[in-house]
Amino acid sequence: MRRKSLMVVSCIVFFCLLVGAFLVIQQKRKERFEGICNGVVQRDAVQVAAGGREVEAVDSGARESSESDGLPVKCEADTKDRSRHIEFSVGSSAYAIQILGQTLQENLFIADVSSPMGGGWTGTLTVQDPITAHATVVLKCSSGRQEYLLVSVKSLLVDTDTHFSENKSERLGLAQAVASVSKEANKRWKCGAQLGKKIRRAPADAIRSRAKPLAEATGTCRSMRKLTPVAKTWGITKTISTESTGEAPAQDCLLVDTKGQQVYRLSALTGPLAEGYRESGSTLAKVPGKAGREKRGGWAWASAKCPDGQSPALFTAASTGLGEDDRLEVSADFERELLKAFGSDMAALHGCEKPTLP
């Protein structure tokens, strides 16, 4: 009887040790994500970006930054099954040039589109390719040492059958992750920015959507309806647009020809992204002065004065294509009309004045 009792006690002790060890391991896993990116990226943000999969830190981002106020900060994480690689970053206005590359706004001659984040967030989601996507939020600070905070989350799908283009839950998770990091960054740097609400609907992947007839254009391309007759003389008959909203710091409208090719990209950049484009030495085309146009056509720009001391908004019209010989050349008058219609509509959305045109 005594031996039996000892066996029972031993089993109970062994079981308790197992439970304790399991809890310690679980706690250590959680501790790995307590404070990556200087505490801005919490475990819930990583897991929602990873689709609920178990994650581990690759680079905690704990090293000291060379810039003031500890910015920028960067960190990375992988899922345990190595099906997701996620990168997080937070920077000041000086980080805008890197953000332009992530939102595919650095080279405006490529037919790409950034979609609004939704939920009242001042951000965008950009699907770079089927397995790579970027979510970006621009926070305008009302307090603290920074004028803006630029928050970015990049997700790379590895060895998986799912794609960002076809899977809404992947895009939704990425959008919710950048919103979570933005909240923490707002607290960490005492930014006092106006934040959005919970994102419940996945941002669109507009570039894969069907083009609409020019006369029925909506969203960011709605101003093109009035240009339908003259656009047809240049072979432009359809548009690809995103939702039109004053919260998105980057917006695009693609013009499509009778062959279904995307031949022109109209883009609007505001705040630090507009300033970053003007200052960047790596952009393919420059925008000196308030407005202008290249002599041979295919590249023109305009600007508009915006409220509250913001940088002037930037509006561009770029003929897309792999090389100069592939690009559609239109008249200076038509390019000006494109900028006037698109720029005026986007400027009004952001509370800016009418644009200065080339």
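This is a short tour of a predicted model, stop by stop, with something to select at each one.

**Stop 1: the seven-stranded sheet**

Start by colouring strands β8 to β14. Seven strands make an open sheet here, in the order β8-β9-β10-β11-β14-β13-β12, and the pairing is antiparallel. Its edges are β8 (212–213) and β12 (292–293), each of which pairs on one side only.

Now select residues 262–269 and 313–319. These are strands β11 and β14, and six bridges hold the antiparallel pair together. For a landmark, click on L269: facing this residue in β14 is L314. While you are here, add residues 271–279, which form helix α6. The helix packs on the sheet and touches β10 (250–257), β11, β13 and β14. Sight along α6 and then along β14, and you'll find their directions about 60° apart.

**Stop 2: A304**

Stay with the sheet and pick A304, which sits in strand β13 (residues 299–304). Is A304 buried or exposed? Its relative accessibility is 3%, so A304 counts as buried. The cut-off for buried is under 20%.

What surrounds A304, once its neighbours within four places in sequence are set aside? Show the side chains of P312, A313, F315, A347, C352, E353, K354 and P355, since A304 is in contact with these residues. To see how the chain comes back around, find G351 too: this residue is 47 residues away from A304 along the chain, yet the two C-alpha atoms are separated by 9.9 Å.

**Stop 3: strand β3 and its partners**

Move to β3 (84–91). Seven of its eight residues are buried, so β3 is largely enclosed by the rest of the structure.

Select β2 (73–79) next. Strands β2 and β3 run antiparallel and are joined by six bridges. Click on V73 to find V90 opposite, over in β3. The two strands form a hairpin with four residues between them. In that turn, look at R82, whose phi is positive, at about 60°.

Strand β3 has another partner to show: strand β7 (residues 148–157), paired in the antiparallel sense over eight bridges. Pick R84 in β3, then look across to β7 for its bridge partner, L157.

**Stop 4: three salt bridges**

The structure holds 10 salt bridges, and three are worth a click.

Begin with K80 and E56, whose closest N and O atoms are 3.4 Å apart. K80 is in the loop between β2 and β3, while E56 belongs to strand β1 (residues 55–59), 24 residues away. K80 is partly exposed, with a relative accessible area of 36%, whereas E56 is buried at 15%.

You have already met R84, so go back to it and show E170 as well. Their side chains meet in a salt bridge of 2.5 Å, N to O. This one ties strand β3 to helix α4 (residues 168–188), with the two residues 86 apart along the chain. Are these two residues buried or exposed? R84 counts as buried at 1% relative accessibility, and E170 counts as buried at 8%.

For the third pair, choose D345 and R222, where the N to O distance is 2.9 Å. D345 lies in helix α7 (residues 332–349) and R222 in the loop between β8 and α5 (228–232), so this pair links parts of the chain 123 residues apart. D345 counts as buried at 14% relative accessibility, but R222 is partly exposed at 32%. Before moving on, select E56, K80 and R82 together: salt bridges that share partners join these residues into one network.

**Stop 5: the largest pocket**

To finish, switch on a surface view. Rolling a probe the size of a water molecule over the atoms shows where empty space is left.

How much space lies in the largest pocket? About 580 Å³. To find the spot, select T122, K140, G246, E247 and Q310, which are the closest to its centre among the 26 lining residues. Then colour β6 (132–140) and α6: each supplies at least two residues of the lining. Helix α6 is the one you saw at the first stop, packed on the sheet.

Terms used. Residues are numbered from 1 along each chain as its sequence is written. This is a predicted model: local features need pLDDT of at least 70, side-chain atom pairs count only at pLDDT 80 or more; totals for chains, interfaces and linings use all residues. Side-chain values use heavy atoms; hydrogens and water are left out. Buried means under 20% relative accessible area, exposed over 50%, partly exposed in between (1.4 Å probe, protein chains only). Contact means heavy atoms within 4.5 Å. Two strands pair if DSSP finds at least two bridges between them. Axes are lines fitted to C-alpha atoms, for helices over the stretch in contact, and angles run from 0 to 180 degrees between N-to-C directions. A salt bridge is a side-chain nitrogen of Lys or Arg within 4 Å of a carboxyl oxygen of Asp or Glu. On a 1 Å grid over the protein atoms alone, a cavity is a set of points where a 1.4 Å probe fits but cannot get out, and a pocket is an open set with protein on both sides within 12 Å along at least five of seven lines; lining residues have an atom within 4 Å of a point. Grid points are joined across faces, edges and corners, and a volume is the space filled by probe spheres set on the points.
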